[in-house]
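Reader: Can you walk me through the pockets here, and then the cysteines?
Author: Sure, pockets to begin with.

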Amino acid sequence: MAAAMAMSNAVLCEPKDFPVLKNDTFLRAARGQQTQHVPVWCMRQAGRYLPEFKEYRAGKDFFDTCRSPEACCELTLQPLRRFDFDASIIFSDILVVPQAMGLEVQMVPGKGPTFPDPLKDPEDLQRLKTEVDVKKELDYVFKAITLTRHKIEGKVPLIGFTGAPWTLMAYMIEGGGSKTQSKAKAWLYRHPAASHMLLKRLTDVVVDYLLGQAAAGAQALQVFDSNAGFLGPQEFKEFSLPYLRDIARRVKDRLKETGQDLPMIVFAKDAHYALEDLSQSYYEVVSLDWTIDPRSARERTGGSVSLQGNMDPCALYAPKERISEVVQKMLEGFGTQRYVANLGHGLYPDMDPAAVGAFVDAVHQHSRRMNGDGGDKLQ
Ligand SMILES: Cc1c2[nH]c(c1CCC(=O)O)Cc1[nH]c(c(CCC(=O)O)c1C)Cc1[nH]c(c(CCC(=O)O)c1C)Cc1[nH]c(c(C)c1CCC(=O)O)C2
C-alpha cells in the first residue's frame, strides 16, 4: 500500500499529463479575453486566517513546510475547499531565493522572517554563491508545483511567484521586516554600483526560478515587489523597474522558444507613481494596492493591460452587506472585463473566513449581473 502510494506520487511528480483545466476565467481575464464573471482570488489565501492552516502548520518550522511538496500542496488546496476562488497560488515564500543564494533565513514565530547574518557592506556580496543551480536548490518548489497541479484536478489555474529583485535585496540587507528600509536604501545612495550588481544577480536567479516554475506546471507567474513603495519615483526607475522589465522580457522570450505562453503579473505595492511605466513593462496584468482609485488606474493604463486588485483588506472586517457594497463600487470602477478581483495586499491572520467567502461571492454575483447574468451577450 505504502509502496503504491509512493509510486503514485512519483508519477504525479512528472510535469506532464496534467488534468484538463475546467475554469479558465482567470487566465482569460489576464490575457484580456472576455469573461462572463470577474475572476477572484486573494493574496495569502493560504494562511493563518484558516483554522485548518494553523492546525496543519502547528509545531512545524515554516521553511521545513516550504520544503515539503506534500505540505505545500495541501496548504495550497485548503482555501479551494472552502471558497469558489478562480485561481490558486502555490504555498511557498519569496525568501527561498536568498536561501538558494546561500543566505540563511529563519521564520521566527511572532517576529517574522529573520536573517541571522544579513548583508552589511558590498564586500558581503562575496558570501553569496556565484553560480546558483536553481534546478537543484529550488527543486522542492518545482516538485510542489507539479504535485499541486495534478492534485488540483484542473479546478482552477495554479499561479507561481517570486519576490522582485528590490524587495529581495531589501530583506537581505535589513535582515527582516523594517519600518523604514533605511539600511537597504542606504546602499542605493552610498553603493549604487554594488546595489546594481546585487539586483542583477537576483534578476538572473529569478528568471531561472520562474522558468523552472513554468516548466513544473505553473500556469501564470506573479512578481511581488512588496517594498516598492519605500522608493520614490526616481529610485524606482533606477533600481526596480529595469529589473522588473528584464525579468518579464527574458522569461517571455525563453517561454516562446518552448511554445509556452503564461500571463505574468506585476505587483509593485504603493508604487502608484509608476503605473504608466508598469503598464508598459511586458506584464499582462498590473496588480494594484488599495491606494489607487480604480477609474484613474484604468485611465492611466489605457487598456493596454489587465488590472488586478485592489480592495482594502481591512474592508473584510465589515459586515457582509458592507463588503458587498464595497465590491460593487470596485467593480463599477474597474469594469467587468480585463479585470481580476483581489485584495490590495494579503489577508491578515485575524480575518474571518466567512468574510472571505462574502467577498468572493459578491464579486461573482455583482459581475454576473453587470454582464447581464452571464447570458449570451459575451461569447
Ligand atoms: C514580503 C513577502 C514574504 N512572503 C511573501 C511576500 C510577498 C507578498 C507580501 O507582500 O505579502 C509571499 C508569500 N508568502 C506566502 C505566500 C503563499 C501563497 C499565498 O498568497 O497564499 C506568498 C505569495 C506564505 C506565507 N509566508 C508567511 C506566512 C505566515 C507564517 C506561517 O504560516 O507560519 C505565510 C502563510 C511568512 C512570511 N513571509 C514573509 C513575511 C513578511 C511573512 C509574515 C511573517 C509573520 O507575519 O509572522 C515574506
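Author: This is a predicted model. Its largest pocket holds about 1,500 Å³ of space.
Reader: How many residues line the largest pocket, and which lie nearest its centre?
Author: The lining has 46 residues, with R44, R48, D93, M107 and P113 nearest the centre.
Reader: Which elements give two or more residues to that lining?
Author: Helix 3 (51-57), strand 2 (106-108) and strand 3 (112-114) do. Helix 3 has the largest share, at three residues.
Reader: And by class?
Author: The lining of the largest pocket splits into 22 nonpolar, 13 polar and 11 charged residues.
Reader: What volume does the second largest pocket have?
Author: About 190 Å³. Helix 7 (134-137), helix 8 (139-151) and helix 11 (192-216) each supply at least two residues of its lining. Among the lining residues are C13, K135, F142 and D208.
Reader: What's the class split there?
Author: Six nonpolar, two polar and four charged residues line the second largest pocket.
Reader: Switching to cysteines. How many disulfides are in the whole structure?
Author: A search finds zero.
Reader: Why is C73 without a bond?
Author: Because the closest cysteine sulfur, in C72, is 8.7 Å from the sulfur of C73, which is too far. The cut-off for a disulfide is within 2.5 Å.
Reader: And what about C314?
Author: C314 is in no disulfide either; the nearest cysteine sulfur, in C42, is 13 Å away.
Reader: Is C73 buried or exposed?
Author: C73 is buried, because its relative accessibility is 4% and the cut-off for buried is under 20%. C314 is partly exposed, with a relative accessible area of 34%.

Definitions and conventions. Residues numbered from 1 in each chain as written. Predicted model: local features only at pLDDT ≥ 70, side-chain atom pairs only at ≥ 80, totals over all residues. Heavy atoms only, no water. Buried < 20%, exposed > 50% of the residue type's maximum accessible area, 1.4 Å probe, protein only. 1 Å grid on protein atoms, 1.4 Å probe; cavity = no way out; pocket = protein on both sides within 12 Å on 5 of 7 lines; lining within 4 Å. Points joined across faces, edges and corners; volume = space filled by probe spheres on them. Helix = DSSP H or I, 4+ residues; strand = E, 2+ residues; numbered from the N terminus. Nonpolar A, V, L, I, M, F, W, Y, C, P; charged D, E, K, R; others polar.
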